[in-house]
Amino acid sequence: MTDNELMKMAEKACENAYAPYSKFKVGAALLSSDGRVFTGCNVENSSYGAGICAERTAAVKAVSEDAVRFSAIAIANAGGGLTFPCGICRQFLSEFAEEGFRVILRNDNGSLEIFTLEELMPHGFKLRGSPRGEVEL
Ligand code: THU
């Protein structure tokens with residue numbers, strides 16, 4: 001799975017976004033460490049706070065299919081341009097992210113830009129235990 005293929009899947013996933021309120025359609029394609037890809041889109045709700053971002057849709061789909069380690073995510077919006085994950089999604093992804101987890105975005109010129117999650121969210125919250133935040137209570 002190349003970065004470009006993953007991005008194309010994210011762009012395709014935008015088509016299913018349910019965003020009648022913001023009109024901002026987002027798609028994500030999440031690559032799990034075992035090579036599977038899970039796509040997601042944002043799903044809004046008339047009770048606005050109940051909506052969910054594309055990245056977390058993809059992540060919950062993955063975890064519910066027993067994919068609990070992620071290596072990369074591509075994120076796109078239907079209008080094009082960089083779509084950085086929101087703070088909640090950065091935290092949510094960090095729970096399952098491998099070291100070096102990559103966030104793949106496409107800029108206005110059509111080129112891919114790659115960031116690490118660590119770069120986007122340094123000093124993220126971890127309960128305690130391993131560097132991946134596995135819960136050891
Ligand atoms: N959204 C995402 O899906 N991912 C993000 O990282 C940022 C925002 C969605 C939430 C909402 O449905 C719409 O974009 C506008 O905020």
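**Notebook: the ligand site and a salt bridge**

I looked first at what surrounds the ligand, and found Ser-22, Phe-24, Val-26, Asn-42, Glu-44, Cys-53, Ala-54, Glu-55, Phe-84, Pro-85 and Cys-86 (near means a heavy atom within 4 Å). This is a predicted model, so local features need pLDDT of at least 70 and side-chain atom pairs pLDDT 80 or more, while totals for chains, interfaces and linings use all residues. Residues are numbered from 1 along each chain as its sequence is written, and side-chain values use heavy atoms, without hydrogens and water.

By class, I noted 7 nonpolar, 2 polar and 2 charged residues in that shell (Ala, Val, Leu, Ile, Met, Phe, Trp, Tyr, Cys and Pro are nonpolar; Asp, Glu, Lys and Arg charged; the others, Gly among them, polar).

Next came polar contacts (N or O pairs within 3.5 Å). An oxygen atom of the ligand lies 2.9 Å from a polar side-chain atom of Asn-42. For Glu-55, a polar side-chain atom is 2.7 Å from a ligand oxygen, and a backbone N or O atom of Ala-54 is 2.9 Å from one.

I then searched the whole structure for salt bridges (Lys or Arg side-chain nitrogen within 4 Å of an Asp or Glu carboxyl oxygen) and got 4. One of them joins Asp-3 and Arg-102 at 2.6 Å, N to O. Asp-3 is in helix H1 (residues 3-13) and Arg-102 in strand E4 (residues 97-106), so the pair ties together parts 99 residues apart in sequence (helices, H or I, have at least four residues and strands, E, at least two, as DSSP runs numbered from the N terminus).

Definitions and conventions:
Polar contact = N/O pair within 3.5 Å; in protein donor to acceptor, adjacent residues only side chain to side chain.
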